[in-house]
Amino acid sequence: MHNPGIATPDRFPAEERFAEGAQYIAGRLTRGTSGRTHAVVDPASGEEVLTYELAGTADVDRAVAAARAAFPGWAGATPGERSDALHRFAAVLADRAEDFARAESLQCGKPLKLTREFDVPGTIDNAAFFAGAARHLQGQSAGEYSGDHTSYVRREPIGVVGSIAPWNYPLQMAAWKILPAIAAGNTIVLKPAELTPLTSLLFAQAATDAGIPDGVINIVTGTGRVAGEHLVGHPDVAMTSFTGSTAVGKRVAEVATASVKRLHLELGGKAPFVVFDDADLEAAAHGAVAGSLINTGQDCTAATRAYVQRPLYDAFVERTAALMETVRLGDPFAARTDLGPLISHAQRDRVAGFVDRARAYARVVTGGEAPEGELAKGAYYRPTLIADAAQDSEVVQSEIFGPVLVVLPFDTDDEGLALANDTPYGLAASAWSRDVYRANRATREIKAGCVWINDHIPIISEMPHGGYKSSGYGKDMSAYSFEEYTQIKHVMFDNTAVAAKDWHRTVFGDR
């Protein structure tokens with residue numbers, strides 16, 4: 001493994017940790033059998049950190065078989081037993097927090113201070129939340145709703161869940177997929193993005209070490225076209241959960257629908273950031289920089305479209321650009337680094353293409369280029385602010401997924417809220433105002449699964465995350481996500497010895 005500029009102990013020894021392979025099936029690491037290999041690349045340097053054998057359809061079959069075999073025992077465990085296992089799991093994750101932080105930084109290019117302070121603690125908190133939630137899988141109380149019959153509702157696990165996670169938050173997305181599913185008594189096969197499998201594999205290993213039975217959590221690391229499609233279409237997979245782009249989500253839905261699977265989709269976003277003329281300008285500008293540049297803009301909830309009421313527009317553009325210019329790009333493992341690279345050179349070039357095309361119809365206020373010198377080896381791109389684009393332009397309507405914020409003016413409140421809703425997406429949004437009535441109106445009228453007021457980006461385990469419109473359906477985190485991974489059964493029984501005979505007589509007459 002290559003560690004440019006930093007000694008090996010400061011990074012994560014991926015080749016040593018995954019020498020046995022990058023598939024995790026039935027409690028052990030194994031090699032893929034597709035006959036193809038893939039390299040995990042450090043996006044900060046372009047250097048390979050791990051080459052592994054990709055999963056093929058046979059590996060997916062083995063993983064699904066392991067999950068299916070583990071399902072009766074895990075589903076039959078008491079809620080208290082599953083809760084205890086998840087509490088142990090949370091403790092193991094906490095013990096290995098630094099391992100997870102370094103592996104996530106290495107494979108994604110995230111600044112280490114970000115993975116240490118947000119990604120890993122958030123994952124541990126998720127595990128602790130679902131450890132508690134596992135004891136609250138409730139149906140409804142019994143009652144007599146039809147004559148001498150008693151009815152009640154059972155909540156039951158669905159079976160084997162097949163999940164596909166993206167590359168932008170591989171650890172947290174693995175947690176969001178796995179934890180509610182297994183807390184409810186399901187077993188799971190997760191396919192992480194082939195670019196970023198390291199922390200998903202560590203996550204599964206930690207679960208085994210915490211005493212979660214073999215086969216409850218399985219990881220297959222392969223391409224979407226081969227391993228992903230086979231997993232979604234597998235006849236023994238009862239539910240599919242996918243996070244990724246809207247375009248790929250449509251294909252997942254098409255494959256899943258053929259076998260009438262339960263489907264959960266968290267798709268793309270183009271979050272509006274609405275600044276009314278009574279907002280705290282300094283707070284809004286800082287919020288825009290943090291909200292648009294989080295994870296180098298590779299976040300479906302990132303602020304991407306700032307709509308600023310005209311009296312504040314020029315000052316907002318000026319102040320936000322000035323703050324962006326203070327953001328420090330650098331080695332993700334360096335303490336002073338604020339912003340890391342994009343996930344790959346291909347993604348950097350994609351982002352640059354959007355910005356370069358925008359020069360013909362908008363103003364690039366700051367950024368709009370890759371840095372030179374040592375950073376040119378990595379997939380870095382400077383924080384970019386674009387002003388004066390039209391609402392129907394590409395940079396306003398399409399998901400760029402990079403460190404780019406577009407700012408547009410509006411005049412009336414009605415216009416600002418209408419513009420906020422004027423894309424196909426509806427994952428997240430924010431509104432900035434000192435007026436509680438304006439803010440409350442924004443929460444009602446903006447069509448998105450999350451609306452922040454005077455903030456942008458924070459999430460918590462107790463509250464749901466999921467989209468409207470083309471951003472998908474279903475919820476991650478919270479008790480709502482827990483319910484996604486259960487099915488409801490109506491149980492009804494006769495309280496007398498004659499009711500069945502009476503019913504037969506009513507329908508068929510005396511015999």
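**Exercise 1.** In this predicted model, decide whether Phe 276 and Phe 410 are buried or exposed. Then classify their ring pair and locate both residues in the chain.

*Solution.*
- Step 1: burial. Phe 276 and Phe 410 are both buried.
- Step 2: geometry. The ring centres of Phe 276 and Phe 410 lie 6.0 Å apart, with 90° between the planes. Pairing requires centres within 6.5 Å, and an angle over 60 degrees counts as edge-to-face. The pair is edge-to-face.
- Step 3: location. Phe 276 sits in the loop between strand S12 (271-275) and helix H10 (281-293). Phe 410 belongs to strand S16 (residues 404-410). The pair links distant parts of the chain, 134 residues apart.

**Exercise 2.** How many aromatic pairs does the model hold, and why is the pair Phe 129 and Phe 130 edge-to-face?

*Solution.*
- Step 1: the count is 8 aromatic pairs.
- Step 2: the ring centres of Phe 129 and Phe 130 are 5.0 Å apart and the planes stand at 85°, so this pair is edge-to-face.
- Step 3: Phe 129 and Phe 130 are both buried.
- Step 4: together with Phe 482, Phe 129 and Phe 130 make one aromatic cluster.

**Exercise 3.** Describe how helices H14 and H15 pack, and sort their contact residues by class.

*Solution.*
- Step 1: H14 (residues 413-420) and H15 (residues 436-445) pack at about 35°, axes 10 Å apart.
- Step 2: their crossing is right-handed.
- Step 3: H14 contributes Asp 413, Asp 414 and Leu 417. These meet Arg 438, Arg 441, Ala 442 and Glu 445 of H15.
- Step 4: the contact has 5 charged, 2 nonpolar and no polar residues.

Definitions and conventions
Residues numbered from 1 in each chain as written. Predicted model: local features only at pLDDT ≥ 70, side-chain atom pairs only at ≥ 80, totals over all residues. Heavy atoms only, no water. Phe/Tyr/Trp six-rings, centres within 6.5 Å; stacked < 30°, edge-to-face > 60°. Buried < 20%, exposed > 50% of the residue type's maximum accessible area, 1.4 Å probe, protein only. Helix = DSSP H or I, 4+ residues; strand = E, 2+ residues; numbered from the N terminus. Axes fitted to C-alpha atoms, helices over the stretch in contact; angles between N-to-C directions. Left-handed = near helix turned anticlockwise from the far one by under 90°. Contact = heavy atoms within 4.5 Å. Nonpolar A, V, L, I, M, F, W, Y, C, P; charged D, E, K, R; others polar.
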